[in-house]
Protein chains: 2
Amino acid sequence: MATAARKKADRPATDNSDSPWASPDRRASERMRKREAVIGAAARAFKERGYHNTSLDDIAALLHVTKPTIYHYVENKEQILFECFRTGLDQIRAAFGAVRRPDAPARERLELVIRRYAAAVTSEFGWCMVRAEDQDLSPAMSGQVKTLKSEIDQGIRRLLREGREDGSIRADVDPKMTAFALAGALNWIAHWYRSDATLTPDEIADRFVVLFVDGLRPR
Amino acid sequence: MATAARKKADRPATDNSDSPWASPDRRASERMRKREAVIGAAARAFKERGYHNTSLDDIAALLHVTKPTIYHYVENKEQILFECFRTGLDQIRAAFGAVRRPDAPARERLELVIRRYAAAVTSEFGWCMVRAEDQDLSPAMSGQVKTLKSEIDQGIRRLLREGREDGSIRADVDPKMTAFALAGALNWIAHWYRSDATLTPDEIADRFVVLFVDGLRPR
């Protein structure tokens, strides 16, 4: 009887409301939600205690589960760190997706990316985004981190070049050095930002945009 | 006889050229030179292998001496890290000393500080300057690091305020956020700079100054 019921639950179901087992769709979304909870709890723990000072047992304890439960969602601690890193970076990658079409001057599109970048770095994933590469990662993981970071870097350089072409950005701006300076200023937020700060992430982004766009010299 | 000679060498001497022992002045400067060699070798080793992966034995081996010799110049590895940090920061502190007198508009004085800051971060002490605080330092050491960093931060804010007053910096610049953005962009150089880079430290500083001073928007 248990076997029959399990078989039923395993079937692709559309309406399973008469079964005490959740539908496959529902189970998939539950699994996703739980996996996200693991990643989120880990991100906060890494930020507070440091990656090396946080164990899978610590993360499990935060979620009131056991370590074997954690292994149901992730392979190991390094994979969690990578997922935290990727979750933070995904917000910036989504921003690049949103500004791909040249429907506004490149400088304005870059401003949007800067704002989303600041939001990501001030999120709970900010620490992992900025500090993941400092940890002793396996060569494979380290390579993946570098690839994703390089994608962001290239995206900023591309917007800077487009801005030089459409006239919204000064012609003598060096795309590579400017991308490094922008990313550096934004990444560094993870070193000083506290969630109880006077300024909201949006207000911080405003100040940064004013500096980068208009510079220090009076116009 | 050995005792008599040692006593002679211990005396404050002006001309000691007839003694086979170095004069106290000479010995003090030799000691300083050797201590600097320890700090410099450690800075390079920390940068290449990481602080935790570098032992005092490693540093001693780099200088072809033994660990007890190293202890003659520094108390422990943490003190070496701090000295590396301070040596890097001292270059920036010296820049603030050089621009204290308001004999030029504050923005120009800030530009000089930015250039010296870039030079310090690209020096062999750059890694220690930027990454020292990430290591597991003792609370006392960590406090000293924070104090010195805060001094640099306050110095940048002061120049920004002076620039708003003397008209060389836009009136709507937020000193605190701008100081964080500038320091972040400059500190981040330690993450990407390689001594075999295409651009010299001066050229990197030029690009950064153009961005910070004139901004991205065409004038």
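In this predicted model, B:Met129 is buried, with a relative accessible area of 3%. The residue sits in helix α7 of chain B, which covers residues 126-131. Beyond its neighbours within four places in sequence, B:Met129 is in contact with eight residues named here: B:Phe85, B:Gly88, B:Leu89, B:Ile92, B:Tyr117, B:Ala120, B:Val121 and B:Lys149. B:Gly40 lies 89 residues away from B:Met129 along the chain, and their C-alpha atoms are separated by 13 Å.

Helix α7 of chain B also spans the position of a cysteine, residue 128. B:Cys128 counts as buried, at 0% relative accessibility. In chain A, A:Cys84 is likewise buried, with a relative accessible area of 0%. The cysteine sulfur closest to that of A:Cys84 belongs to A:Cys128. The two sulfurs are 3.9 Å apart, which is too far for a bond. A disulfide would require the sulfur atoms to be within 2.5 Å. B:Cys128 is in no disulfide either; its nearest cysteine sulfur, that of B:Cys84, is 3.9 Å away. Over all chains, the count of disulfides is 0.

The nonpolar interior was examined next. In soluble globular proteins, nonpolar side chains tend to be buried together. Here the largest nonpolar core has 136 residues. Those with the most contacts inside this core are Phe46, Ile80 and Phe208 of chain A, and Phe46, Ile80 and Phe208 of chain B. B:Ile80 illustrates the packing. Leaving aside neighbours within four places in sequence, B:Ile80 is in contact with B:Val38, B:Ile39, B:Ala42 and B:Phe46. Its other contacts are B:Leu56, B:Ile59, B:Ile70 and B:Val74.

Helix α2 of chain A contributes a run of buried positions. The helix comprises 26 residues, 24-49. At 1.5 Å a residue, α2(A) should span 38 Å; its end C-alpha atoms are 37 Å apart, so expectation and model agree. Buried residues in α2(A) are A:Val38, A:Ile39, A:Gly40, A:Ala41, A:Ala42, A:Ala43, A:Ala45 and A:Phe46. The elements covering them include α3 (56-62), α4 (67-71), α5 (77-98) and α7 (126-131) of chain A. Just after the helix, A:Gly50 takes a positive phi of about 90°.

A:Val38 gives a closer view of this helix. The residue lies in α2 of chain A. A:Val38 counts as buried because its relative accessibility is 3%, under the 20% cut-off. Outside its neighbours within four places in sequence, A:Val38 is in contact with A:Ile59, A:Leu63, A:Ile70, A:Tyr73 and A:Ile80. A:Arg170 lies 132 residues from A:Val38 along the chain, and the two C-alpha atoms are separated by 45 Å.

The loop between α3 and α4 holds an unusual backbone conformation. Most residues other than glycine have a negative phi. A:His64 is not a glycine, yet has a positive phi of about 60°. A:His64 lies in the loop between α3 and α4 of chain A. This histidine is exposed, with a relative accessible area of 74%. In chain B, B:His64 also has a positive phi of about 60°. B:His64 is found in the loop between α3 (56-62) and α4 (67-71), and is exposed, with a relative accessible area of 74%.

The arrangement of the two chains was then considered. Chain A is superposed on chain B by a rotation of 180° with 0.0 Å of shift along its axis, at an RMSD of 0.1 Å. The two copies are thus related as by a two-fold rotation axis. The contact takes 40 residues from chain A and 40 residues from chain B. Of the interface residues of chain A, 100% are also interface residues in chain B, so the copies meet through the same surface.

Chain A and chain B bury about 3,800 Å² between them. Carbon and sulfur atoms account for 63% of that area. On the chain A side, A:Arg170, A:Trp188 and A:Leu216 lose the most area to chain B. Together these three make up 21% of what that side buries.

A:Ser168 touches both chains. The serine is found in the loop between α8 (139-166) and α9 (175-192) of chain A. A:Ser168 counts as buried, at 7% relative accessibility. Not counting residues up to four places away in sequence, its chain A partners are A:Pro105, A:Ala106, A:Arg107 and A:Gly163. Across the interface, A:Ser168 touches B:Leu216, B:Arg217 and B:Pro218.

Notes
Residues are numbered from 1 along each chain as its sequence is written. Chains are lettered from A and ligands numbered from 1 in the order in which they are written. This is a predicted model: local features need pLDDT of at least 70, side-chain atom pairs count only at pLDDT 80 or more; totals for chains, interfaces and linings use all residues. Side-chain values use heavy atoms; hydrogens and water are left out. A nonpolar core is a set of buried Ala, Val, Leu, Ile, Met, Phe, Trp, Tyr and Cys residues joined through side-chain atoms within 4.5 Å. Buried means under 20% relative accessible area, exposed over 50%, partly exposed in between (1.4 Å probe, protein chains only). Contact means heavy atoms within 4.5 Å. Helices (H or I, at least four residues) and strands (E, at least two) are DSSP runs, numbered from the N terminus. Copies are superposed by least squares on the C-alpha atoms of residues with pLDDT of at least 70 in both. The expected span of a helix is 1.5 Å times one less than its number of residues. Buried area is the accessible area (1.4 Å probe) that two parts lose on being put together, summed over both.
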